[in-house]
Amino acid sequence: MSAPIPKPPPRPSVQQAAAPAGASSRAPAPALRSSISMSGLPADLGRLLETKQGADVDFEVCGKVFAAHKLVLAARSSVFMEDFFGPAKEKATGSSHIRICDMHPDAFEALLHYLYTDSLPATVTNAREEAAVIAQDLIVAADRYNLKDLKPVTENKLCKHSFSASTVLPMLVVAEHHQCWKLMDKCLEFIAAGRNTRAIMATDDVEHLARRCPSVVKEVSRQDSGRKGGDAKQPSDESVQFHLNR
């Protein structure tokens with residue numbers, strides 16, 4: 001009678017591997033819901049962002065810390081590639097802890113979600129006013145980190161948001177500074193409507209923007225004058241040309 005064949009030992013898993021000495025464990029952050037269902041590589045990278053396993057860089061954004069993976073960020077952004085692996089990495093952002101003070105934490109969280117999954121989270125795609133604020137930060141980040149696909153996607157989302165007298169002027173400034181002409185047309189179209197112009201001109205943003213971005217206020221005043229003169233036009237190429245030639 002032959003001896004029984006011994007069972008092979010269980011395959012080791014990542015979860016069974018002992019953590020390196022001195023390594024600190026990271027508590028998994030709550031996952032951001034995407035605006036679309038994900039599968040394949042985007043879903044896998046989304047889980048990697050959620051669990052933070054193997055993360056090797058921390059971003060401190062206005063006091064809130066986000067863990068990420070340099071290789072993923074570098075693969076998505078030429079700016080991160082240069083920062084982490086370029087010649088200037090030792091002088092610039094070669095460290096594993098980076099502080100960002102001019103971006104809202106929710107916007108940076110949405111940016112990471114996009115970098116890992118190639119999709120926008122629900123915090124950007126819903127109809128709330130806060131989503132529009134986050135989206136404006138994403139447009140700024142798209143230029144800063146050379147994410148060419150992020151800007152048009154975010155701009156289209158902003159164009160579908162409901163404008164208000166309190167949000168349209170800051171949105172118009174972002175649109176002009178970052179050459180989002182479609183969004184700028186939408187803002188000017190909202191401003192040109194007679195029921196909106198007076199309320200917008202009465203906001204505190206007008207005086208602030210007159211110092212920060214006088215060309216935008218000049219265009220708003222032009223829209224107001226045109227409405228009072230009975231010549232309020234729907235802005236399109238003419239409005240864009242005004243900013244291109246200033």
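Hi everyone. A residue counts as buried here when its relative accessible area is under 20%. Keep that in mind as we look at this one, which is a predicted model.

With that cut-off, 41% of the 246 residues in the chain are buried. On the outside, the accessible surface comes to about 14600 Å², and carbon and sulfur atoms make up 53% of that.

What about the secondary structure? The chain has 13 helices and 3 strands. As for contacts, take those with a separation of 6 or more: 65% of them are between residues 24 or more positions apart.

Now let's turn to the sheet. In what order do the 3 strands sit? The order is 2-1-3, in an open sheet with mixed pairing. Strand 2, residues 64-68, and strand 3, residues 97-100, are at the edges. Each of these two has a single partner strand, so one side of each has no neighbour in the sheet. From one strand to the next, the twist averages 25°.

Let me zoom in on one pair. Strand 1, residues 57-61, runs antiparallel to strand 2, and 5 bridges join the two. If you'd like a spot to find on your screens, go to Asp-58, whose bridge partner in strand 2 is Ala-67.

And which helix packs on this sheet? That's helix 4, residues 105-117, which touches strand 1, strand 2 and strand 3. The direction of helix 4 makes about 10° with that of strand 2.

That's my tour, thanks for listening!

Definitions and conventions:
Residues are numbered from 1 along each chain as its sequence is written. This is a predicted model: local features need pLDDT of at least 70, side-chain atom pairs count only at pLDDT 80 or more; totals for chains, interfaces and linings use all residues. Side-chain values use heavy atoms; hydrogens and water are left out. Helices (H or I, at least four residues) and strands (E, at least two) are DSSP runs, numbered from the N terminus. Buried means under 20% relative accessible area, exposed over 50%, partly exposed in between (1.4 Å probe, protein chains only). Contact means heavy atoms within 4.5 Å. Accessible areas come from the Shrake-Rupley method with a 1.4 Å probe; for residues, only the protein chains shown count as cover. Two strands pair if DSSP finds at least two bridges between them. Axes are lines fitted to C-alpha atoms, for helices over the stretch in contact, and angles run from 0 to 180 degrees between N-to-C directions.
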